[in-house]
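Trainee: Could we go through the binding site of this model together, one question at a time?

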Amino acid sequence: MHRSQLTIDLGAVRRNIRRLIAALDGADLWAVVKADAYGHGAVDVAGVALSEGARTLCVVTLAEALELRAEYPTARILVMSPLLPAEIARAREAGLEITVVDADIPEGVRVHIKLDTGMGRFGLSELLSAPGGNVVGLMSHLATADCDLEFARVQVERFRQLTEPYAGLIRHIANSAAVLHIPEASFDAARCGIALYGLSPFGSDPADDGLEPVLRWESRLAQVKQLQPGESTGYGRRFVATEPTWIGLVPVGYADGFRRDMTGTELLIQGQRRPVIGTVSMDSVAVSLERELLVDTPVVIVGDGLLVEDHARVAATINYEITCGICSDRRRARRVIVDA
Ligand SMILES: *Cc1c(COP(=O)(O)O)cnc(C)c1O
């Protein structure tokens, strides 16, 4: 038996994509599958996205793009980060599209110029001259589509003004949050990541936005024992029993992506939420049990209504960071792909 199992439901990806395409009202959906599809597996997610009508695959590194190019020879693939000159040559050979963040536009490769409309990161603050023939797109990125719609709308308006003279180019600024809450941000295409995976860009319940989680993570109780008052579990003795306490050891730890700051989060055991206690180790966590349970009792870490968003709240982070941090090493966790 494996220490833990990750199940990726490509059917849920399909349904999330349909939901987003419906919200887009004619603009293209571009699937953001950087960082191994936020930990979900880029090649598999990209295949489903393309078959459901996503028009472009978006990644960040050249290596991510080349992996997808090998699988999908005719797909449109955009690298969203600036590249080094040697990388641009490789991108040209591989028929990739690249993002340029300054006035220096390379030849012989399809280019998207990035404008900084308020993110304060990469990009030009305005176009100084008309884009040349190999420029196919104008893009920008929203800083606050998940938390400050007013500022996001200022960015959208600025983008509209800057790009108005070049309406023949593909204009794209929207991310998942914008597709769901700022319809006027969609222009010609929207670059959606988090929502494909059925995760909420707002940190709330994805069902509120009609999204369905794609990832399920489960394990089991590898040992069950009772702590007597004064006995502790884990490094630093950060949980000390004050009464006889049944605990279960689950063979998943921070090396698997179960972060140390997830102490206090809950796991689902026999339909009940039970708290994680003590320090999270590299290879295991302890969970407090109501009573003695059998070894091998299933433990759901993510699934059956227990959300990545629930764990993110405990860890004071965002769902993005949790799934990107799940270890993809098959020597630690089994991966199963289903299409339900
Ligand atoms: C990651 C990324 C996205 C996707 O954002 P989501 O919030 O996951 O939809 C879109 N555009 C750029 C430039 C990105 O880096």
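Mentor: On a 1 Å grid over the protein atoms alone, a pocket is an open set of points where a 1.4 Å probe fits, with protein on both sides within 12 Å along at least five of seven lines, and lining residues have an atom within 4 Å of a point. This is a predicted model, in which local features need pLDDT of at least 70 and side-chain atom pairs count only at pLDDT 80 or more, while totals for linings use all residues. Residues are numbered from 1 along each chain, and side-chain values use heavy atoms, without hydrogens and water.

Trainee: What volume does the largest pocket have?
Mentor: A volume is the space filled by probe spheres set on the grid points, which are joined across faces, edges and corners. For the largest pocket this comes to about 670 Å³.

Trainee: Which residues that line the largest pocket are closest to its centre?
Mentor: The lining comprises 32 residues. Of these, the closest to the centre are Lys-34, Tyr-38, His-141, Asn-175 and Tyr-320.

Trainee: Where does the ligand sit?
Mentor: A molecule sits in a pocket if more than half of its atoms lie within 2 Å of the pocket's grid points. By that criterion, the ligand sits in the largest pocket.

Trainee: How much of the ligand does the protein bury?
Mentor: Polar side-chain atoms of Tyr-38 and Ser-176 each lie 2.5 Å from an oxygen atom of the ligand, and one of Tyr-320 lies 2.6 Å from a ligand oxygen atom. Taken alone, the ligand exposes 390 Å² (Shrake-Rupley method, 1.4 Å probe). Of that area, the protein buries 93%.

Note on methods:
Polar contact = N/O pair within 3.5 Å; in protein donor to acceptor, adjacent residues only side chain to side chain.
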